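Welcome, and please load the model in your viewer. We will go from stop to stop, selecting a few residues each time.

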Amino acid sequence: KEDELWAGSVRGGIFSIKETYIKTYKDVALGNTNGLSEKSVISLYEEKNGNLWIGTDGGGINLYDARTDKFTHFPSTYGDKVVSISGFSENELLVSLYTKGLFTFNKQTGTYHPFIIVDQATNYKECFYGYLPLANQVANDKIYIISSNAYAYHTPTRTFTRMWMDKEYDLSNDALCLSYSNDKFSLLKCANQAFIVNQKNDSIKLLFELDKKETITSMSYDGDRMIWIGTDKGLGCFDMERKEYHIIHTKLFNNISFLTTDGKGRLWICAQNMLFSYIIKENKFTLWNSSDGFPSNEILFAYQKPFNRDFIYLGGAEGLVKINTNIPYSEVKTPEIYLSDILFNGSPYIKELQNNIIEIPWNYNKKERYFPKEPVAIYGFRPGKSRNRIIRPILESVLLIAGKICDMGIMQYEKRKLYHS
């Protein structure tokens, strides 16, 4: 095929080189245009022209030009931890610096100027009373500034309005944080609670809440009626029309750090240093790894309002991730697991399989299997109430090694994850 490149090695055999749709940028020497001044990315802001402003954890502010694939470092900001970046004016950004407060940043000169929230007294309280002020642009003429209180800053008039909740809520367990925004509403999260903000009057009201033992980590709206929610327990969605919350069951991951929709029917999920995509209509997950351009990376939650749906940017502890959302669906392949036979007392037992259940004596201690043949269910052991042990298709109890015998007599009666290679 024209789009495939093959290479041969002296002792490593032959391998194919493929085009990837995901790229990770690491840190380079200060002033080098090929990467970041600091690999840990904690805030992002994308302009309408495609330029991406990057806040790093100690490396200051970087600019990524998507047209040239080059970076610009600003040495005057080196050493700063930039926890949020927002548009402010044609020539300025509004940034929040850890332990320093809010500043405007001149794009041409690379200089800061202090930005005061309402007045000196309010500014000191919001910046230095134990809360971290985060400023994010939600509309062309409006910025939300959220700290111990929430404010809407109107850029044309340079005025502040306080954002009020419909009633008093307990926000003592976590800080209020902006998670998503569009032209009609914004979504805020705090511990197990999700709030919706009306863009017309900036009023805040509770949308839904989960169990108190569960924490919302990220939210995104698919443009239809579903709000997708990532938590420290897994994935869920909230139907805005029916006002119902649904859990998406999967054993691929649990603790989600960030998720976002791409406007093309897919949900991109960052969980436990891994990257997954989820085709919503097909209820289908895909894992992307280093061969696809995504090495293990702890993606950090950072609000961003994307203007270009062709690319998704993710900030992580191990660099900036750029995803080309035009990746074809045909690239996604569903792995198959093959089980060719089960030997019981030295005799083939696969034909005894009925309704995905096999019964064997409870005290039998030698179970072996070979591969591959045609795909069937994989079985794990757990004690039954009768004199037999029941083998059930739970895909959780044994590590399979292709072409070898697996002795499962040493396996304890507990659930285990299955890895197949």
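Keep in mind that this is a predicted model.

**Stop 1: a sheet of four strands.** Select β20, β21, β22 and β23, which in that order make up an open sheet with antiparallel pairing. Which strands stand at the edges? They are β20 (216–221) and β23 (244–248); each has a single partner strand, so one of its sides has no neighbour in the sheet. Going from one strand to the next, the twist averages 25 degrees.

Now zoom in on β22, residues 235–239, and its partner β23: five bridges link them in the antiparallel sense. Pick G236 and look across to β23, where I247 stands opposite.

**Stop 2: strand β6 and its partners.** Select residues 61–65, which are strand β6. Is this strand buried or exposed? Five of its five residues are buried, so β6 is largely enclosed by the rest of the structure. Show the side chains: I61, L63 and D65 point one way, while N62 and Y64 point the other way.

Add β5, residues 52–56, which runs antiparallel to β6 and is joined to it by four bridges. Here W53 has L63 in β6 as its bridge partner. The β5 and β6 hairpin has four residues between the strands, and in this hairpin G58 takes a positive phi near 110 degrees.

Next, add β7, residues 70–73, which pairs with β6 over four bridges, again in the antiparallel sense. Look for Y64, whose bridge partner in β7 is F71. The hairpin of β6 and β7 also has four residues between its strands, and there D69 takes a positive phi near 60 degrees.

**Stop 3: a buried serine.** Select S37, in the loop between β3 (22–25) and β4. S37 has a relative accessible area of 7%, so it is buried. Follow the side chain of S37 to the backbone oxygen of G59, which it reaches at 2.8 Å.

**Stop 4: a pocket.** Finish at the second largest pocket, with a volume of about 510 Å³. Which residues lie nearest its centre? Select S181, Y303, Q304, K305 and P306, from a lining of 32 residues. That lining divides into 17 nonpolar, ten polar and five charged residues. Several strands supply at least two lining residues each, among them β4 (41–46), β12 (134–139) and β16 (177–181). Also in this group is β20, the edge strand from the sheet at our opening stop.

Terms used:
Residues are numbered from 1 along each chain as its sequence is written. This is a predicted model: local features need pLDDT of at least 70, side-chain atom pairs count only at pLDDT 80 or more; totals for chains, interfaces and linings use all residues. Side-chain values use heavy atoms; hydrogens and water are left out. Two strands pair if DSSP finds at least two bridges between them. Axes are lines fitted to C-alpha atoms, for helices over the stretch in contact, and angles run from 0 to 180 degrees between N-to-C directions. On a 1 Å grid over the protein atoms alone, a cavity is a set of points where a 1.4 Å probe fits but cannot get out, and a pocket is an open set with protein on both sides within 12 Å along at least five of seven lines; lining residues have an atom within 4 Å of a point. Grid points are joined across faces, edges and corners, and a volume is the space filled by probe spheres set on the points. Ala, Val, Leu, Ile, Met, Phe, Trp, Tyr, Cys and Pro count as nonpolar, Asp, Glu, Lys and Arg as charged, and the others, Gly among them, as polar. Buried means under 20% relative accessible area, exposed over 50%, partly exposed in between (1.4 Å probe, protein chains only). A polar contact is a pair of N or O atoms within 3.5 Å; within protein, one must be able to donate a hydrogen and the other to accept it, and residues adjacent in sequence count only if both atoms are side-chain atoms.
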